[in-house]
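Biologist: Please take one part of this model and describe closely how its elements are arranged and packed against their surroundings. A formal account with explicit cut-offs would be most useful.

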Amino acid sequence: MNQPFEQELQSSWQERQEYAEMMLPIIGKLYRNKSIEISVYGRTLLNASAIDVIKAHRKVRLHEGIKLRLRESYPILEAINSMQLAPAQIDIGKLAFDFHYGSAVDKTDLNAYLKDKLADVVDKSDDHEPQDVVLYGFGRIGRLLARLMIERQGQNNKLRLRAIVVRGGRDGDLEKRASLLRRDSVHGPFNGSITIDHERNALKANGSYIQVIYANSPDEIDYTAYGINNALVIDNTGIWRDRDGLGLHLKAKGTSKALLTAPGKGDIKNIVYGVNNSDITESDTIVSAASCTTNAITPVLKALDEEYGIVNGHVETVHSYTNDQNLIDNYHKGERRGRSAPLNMVITETGAAKAVAKAYPKLAGKLTGNAIRVPTPNVSMAILNLNLDKTTDKVAVNEFLRDTALFSSLQHQIDYTASTEVVSTDMVGTRAASVIDSQATIVADNRLTLYVWYDNEFGYSCQVMRVAMDMAGITVPTLPV
């Protein structure tokens, strides 16, 4: 390799690093002070590193065929920082690409362009009141929800984690809770600082003060004694799934609503955000965020049904083992689940295929489903075998799903990969409910087989957060539309 080329390569990389480093403080201030979350082609830059910013820009080439330079997106970010905006999720990648390469754009007036594209939030005030949140239970989903709320800590934060409720209270319990939040074998270390307040029985994390409450029943707690009022209680224990059981939360002093992180029973609304979240009304006090698998497949099925029509199909989930299974062979009330989870593939059932109809009734009675638990701790896959109303081909289906992932109302639910090398661990930490593996797509006339990855812990937790914001009446537009 000749020296001038090496120097050019090094100079180009240094320029990208410098622009990324200049972006980071602006991105942080925009979120903390204005609740403006910045992304690039759907990849959030909240708490990102300089390398994360560079990698997010590289994603643009995959979808557009040409690269987007950081020197092209940086002026967009600077201009946004100087504007008076209401809370929003703003994709500077899409704005920069459209401004520099769009066919119908006046490239001489950036401010006028941004005022037009961001008109929904320009010169508007932030009228969202913060919502107190309590996590009832502190297992896998509870701790990830805590991480998601803590990473958004700031003076303009809208979902304020005020307390966690657990059983126990023995010596050393606070240290154990803090350690489990600080370290995670799957999702890695907590991004920040956690300290223990023994005197007040609380945890302090990145400026968040989180009360730890010990209780055996939801209705025995007085949250107002801790300064918590009208709280949204997120129940991630799975112990109560009907209206009577979850109603115990509403009998506690200082609560107003309850959100279940499991499929709800009876007349409880099962919400898959992006599909039927418009069903949430101000009067709904108890809502379910459905299951991780239902959240993974329903947005994809809805998109496919609206584009091609689904006659019928079968959903097979290849699901990582969960805490409900045994580490070694032992008694279990469920069939086959008593066998060692890390050593076996275990055939079991899933209600996700039927549960799809609760969020998207058009598919009622059209799907069957089954599941295989496999020896991995996180990230699962749904294999959708569908008969469509229309004939199509692999290229057309993949192009449709790629565009859906980037430019539709389901862009936060569906992600897309064209990698030929991707495996399950690559999906850990995915914020979308599902990721289309386009290289594995199979199409024959009107028969479609689709492989859909999903982080059954983190991706699902992101969906729960979206439902929680909706229940709190916090609406944040994604721009540009």
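Modeller: The account below follows one sheet, the helices on it, and then the adjoining core and domains.

The model is predicted: local features require pLDDT of at least 70 and side-chain atom pairs count only at pLDDT 80 or more, whereas totals for chains, interfaces and linings use all residues. Residues are numbered from 1 along each chain as its sequence is written, and side-chain values use heavy atoms, with hydrogens and water left out.

The part chosen is an open sheet of 9 strands, in the order 6-7-8-5-4-9-10-12-11, with mixed pairing. Strands (E, at least two residues) and helices (H or I, at least four) are DSSP runs numbered from the N terminus, and two strands pair if DSSP finds at least two bridges between them. The edges are formed by strand 6 (194–197) and strand 11 (269–270); each has a single partner strand, so one side of each has no neighbour in the sheet. Inside the sheet, strand 5 (residues 159–166) runs parallel to strand 8 (residues 208–214), with 4 bridges between them. One of these positions is Ile164, whose bridge partner in strand 8 is Val212.

Helix 7 (residues 173–182) packs on this sheet and touches strand 5, strand 6, strand 7 (202–205) and strand 8. Contact here means heavy atoms within 4.5 Å. The direction of helix 7 makes about 165° with that of strand 6; axes are lines fitted to C-alpha atoms, for helices over the stretch in contact, and angles run from 0 to 180 degrees between N-to-C directions. Helix 12 (residues 458–471) also packs on the sheet, where it touches strand 5, strand 9 (231–235), strand 10 (255–260) and strand 12 (286–288). Its direction makes about 150° with that of strand 10.

Helix 12 also meets helix 6 (residues 140–150): the two axes come within 9 Å and cross at roughly 60°. This crossing is right-handed, meaning that the near helix is turned clockwise from the far one by less than a right angle. From helix 6, the contact involves Ile141, Leu144, Leu145, Leu148 and Met149. Their counterparts in helix 12 are Phe458, Tyr460, Ser461, Cys462, Val464 and Met465.

Tyr460 leads to a further site, since Ser291 is in contact with Pro263 and Tyr460 when neighbours within four places in sequence are left aside. Ser291 lies in the loop between strand 12 and helix 9 (292–308). Its relative accessibility is 16%, so Ser291 counts as buried; the term covers values under 20% relative accessible area, with exposed over 50% and partly exposed in between (1.4 Å probe, protein chains only). Ser291 and Ala355 are 64 residues apart in sequence, yet their C-alpha atoms are 8.6 Å apart in space.

The wider setting is given by the domains. The chain is divided into domain 1 (1–116), domain 2 (129–261) and domain 3 (291–455), with bounds from an automatic or database domain assignment. The C-alpha centres of domain 2 and domain 3 lie 30 Å apart, and the contact takes 5 residues from domain 2 and 6 residues from domain 3.

In soluble globular proteins, nonpolar side chains tend to be buried together. A nonpolar core is accordingly defined as a set of buried Ala, Val, Leu, Ile, Met, Phe, Trp, Tyr and Cys residues joined through side-chain atoms within 4.5 Å. The largest such core has 76 residues, and Leu259, Leu304 and Leu384 touch the most other members. Both domain 2 and domain 3 give residues to this core, so it lies between them. Leu304, not counting residues up to four places away in sequence, touches Gly309, Ile310, Leu386, Phe400, Leu401, Leu448 and Leu450. A second, separate core of 40 residues includes Ile26, Ile36, Leu77 and Phe99.

Two of the residues named around the largest core also belong to paired strands. Ile310 falls in strand 13 (residues 310–320) and Leu386 in strand 16 (residues 380–388); these strands run antiparallel and are joined by 8 bridges. Asn312 stands opposite Asn387 in strand 16. Strand 13 is also joined by 8 bridges to strand 15 (residues 367–374), in this case running parallel, and His319 stands opposite Arg373 in strand 15.
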